[in-house]
Amino acid sequence: MTDSRDTWTTDARYFEYSKVVNPVGHQTPKCPLGDFEHCLHEEGESRIIPLDLSAQLKCPAPATSPNLCANFIRITPGQQVATTVNATSQLFFVIRGKGRTETNGEAISWTPHDLFTLPVGSATHRAESDAALYWVHDAPLLTYLGVRADAPRFKPTMYRHEDEDRELKKVQDDPRAASRNRISVLLANKNFTQTETVTPVLWAMYGVLLTGTIQLPHRHQSVALDLIIDCQPGCYTLLGESLDKEGNIVNSVRADWKNASAFVTPPGWWHAHYNESGADAHLLPIQDAGLQTHMRTLDIHFVHPNHESHISLK
Ligand SMILES: [Fe+2]
């Protein structure tokens, strides 16, 4: 047995406080913007396509943000794809196609725009028709911690597309909808009443951006892995790190929305959505906001404190 004060000093380091008090942007890279187009899941063989920013993030395995990894899964008719990952939380959204997922002896049938969550475990996904799934999990967080998930915190949960649309329509038809920041439904699980999120880590929003409207800027410390479900040309998001006195985003970067495509909103960045197309558009941001809320660090802010920042372009 090694038992010496001297032996255990080899890994210890010391820095003057100001040198490393905030390593973000230095040793710790900032979260990059990502842009992942639908062609990734529309061509080629059945496979998992990680939306991988791990090189920019300096993560040792595929990651789209420090805590999460988003993927497209392409499955051609009659084929199947298996997913095995060390994660506490998995979310699947059906971009297109019909099929069935088997996990732990249970089966889940799915159709377009269904969303379902799975806890730790493997699954096999079989497609009846040409299919694509958006799969987000928290394996990068577990890799960072050096832990293995072994205790499911929830059971598989299905959010059927007809239920999502019914709930969204209720919100849209509410007379107060015009004065709200956005027309959206947050998906939750009855087991997580403190965070009101789909899993302990993941947060999911199903929303519509009405034609001719703007959702004025807001920001939060969670990273958003944004899937655009459907849109016409003319929808976009402006993103930036600060606001001017009038509440406009300074030095904004524009992310043009594309059907069945994804992009990343980095933590703390202000972002505003614009729909200058002639049709309503739907979006599904997935965030690590369950974890951020548990940590009391979500820190969400709106450009107008009363949240009345959903306005018409007309
Ligand atoms: Fe947001």
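Start by selecting Gln56, which is partly exposed, with a relative accessible area of 42%. You are looking at a predicted model, and this residue makes a handy first stop.

**Stop 1: around Gln56**

Gln56 belongs to helix α3, which covers residues 54–57. Now add Pro29 and Pro32 to the selection: leaving aside neighbours within four places in sequence, these are the residues in contact with Gln56. Lys30 is worth showing as well. Its C-alpha lies 8.4 Å from that of Gln56, and the two residues are 26 apart in sequence.

**Stop 2: the whole protein**

Zoom out and switch to a cartoon. You should find 6 helices and 22 strands. The radius of gyration is 21 Å, close to the 20 Å that the globule rule gives for 314 residues, so the protein is as compact as a globular protein of that length. Taken along the principal axes, the C-alpha atoms fill a box of roughly 70 × 55 × 40 Å.

With the full chain still in view, try colouring by burial: 50% of the 314 residues count as buried. If you draw contacts instead, consider those with a separation of 6 or more; residues 24 or more positions apart account for 76% of them.

Next, turn on the surface. The accessible area comes to about 16,000 Å², and carbon and sulfur atoms hold 52% of that. For a charge view, show the 28 positive and 36 negative charges; their mean positions are 3 Å apart.

**Stop 3: the iron ion**

Select the iron ion and the residues that hold it. Which atoms coordinate the iron ion? They are NE2 of His218, NE2 of His220 and NE2 of His271, at 2.2 Å. Along the sequence, the spacing of these donor residues reads H-x1-H-x50-H. His220 sits in the loop between β14 (213–219) and β15 (224–230), while His271 is in strand β19 (residues 270–275), so this pair ties together parts that are 51 residues apart in sequence.

Are His220 and His271 buried or exposed? His220 is buried, at 3% relative accessible area, and His271 also counts as buried, with a relative accessibility of 5%.

**Stop 4: His125**

Another histidine to pick is His125, found in strand β9 (residues 123–127). His125 counts as buried, at 0% relative accessibility. Show its surroundings next. Beyond the neighbours within four places in sequence, the contacts of His125 include Ile75, Gln79, Gln80, Val81 and Thr83. Phe92, Arg100, Thr101, Trp110 and Leu133 are also in contact with His125. Then add Gly99, which is 26 residues from His125 in sequence, with 7.2 Å between their C-alpha atoms.

**Stop 5: two loop residues with positive phi**

Finish with the backbone angles. Most residues other than glycine have a negative phi, and the last two selections depart from that pattern.

Go to Asn104 in the loop between β6 (99–103) and β7 (106–110). Its phi is near 50°, a positive value in a residue other than glycine. Asn104 counts as exposed, at 66% relative accessibility.

Then move on to Arg296, in the loop between α6 (289–294) and β21 (301–302). Arg296 is not a glycine either, yet it has a positive phi of about 65°. With a relative accessibility of 62%, Arg296 counts as exposed.

Conventions
Residues are numbered from 1 along each chain as its sequence is written. This is a predicted model: local features need pLDDT of at least 70, side-chain atom pairs count only at pLDDT 80 or more; totals for chains, interfaces and linings use all residues. Side-chain values use heavy atoms; hydrogens and water are left out. Donors are N, O and S atoms within 2.8 Å of the metal (3.2 Å for Na, K and Ca); water is not among the atoms, so sites may look incomplete. Helices (H or I, at least four residues) and strands (E, at least two) are DSSP runs, numbered from the N terminus. Buried means under 20% relative accessible area, exposed over 50%, partly exposed in between (1.4 Å probe, protein chains only). The radius of gyration is taken over C-alpha atoms; the globule rule is 2.2 Å times the number of residues to the power 0.38. Contact means heavy atoms within 4.5 Å. Accessible areas come from the Shrake-Rupley method with a 1.4 Å probe; for residues, only the protein chains shown count as cover. Lys and Arg count as positive and Asp and Glu as negative; His and the chain ends are not counted. The place of a charge is taken as NZ of Lys, CZ of Arg, CG of Asp or CD of Glu.
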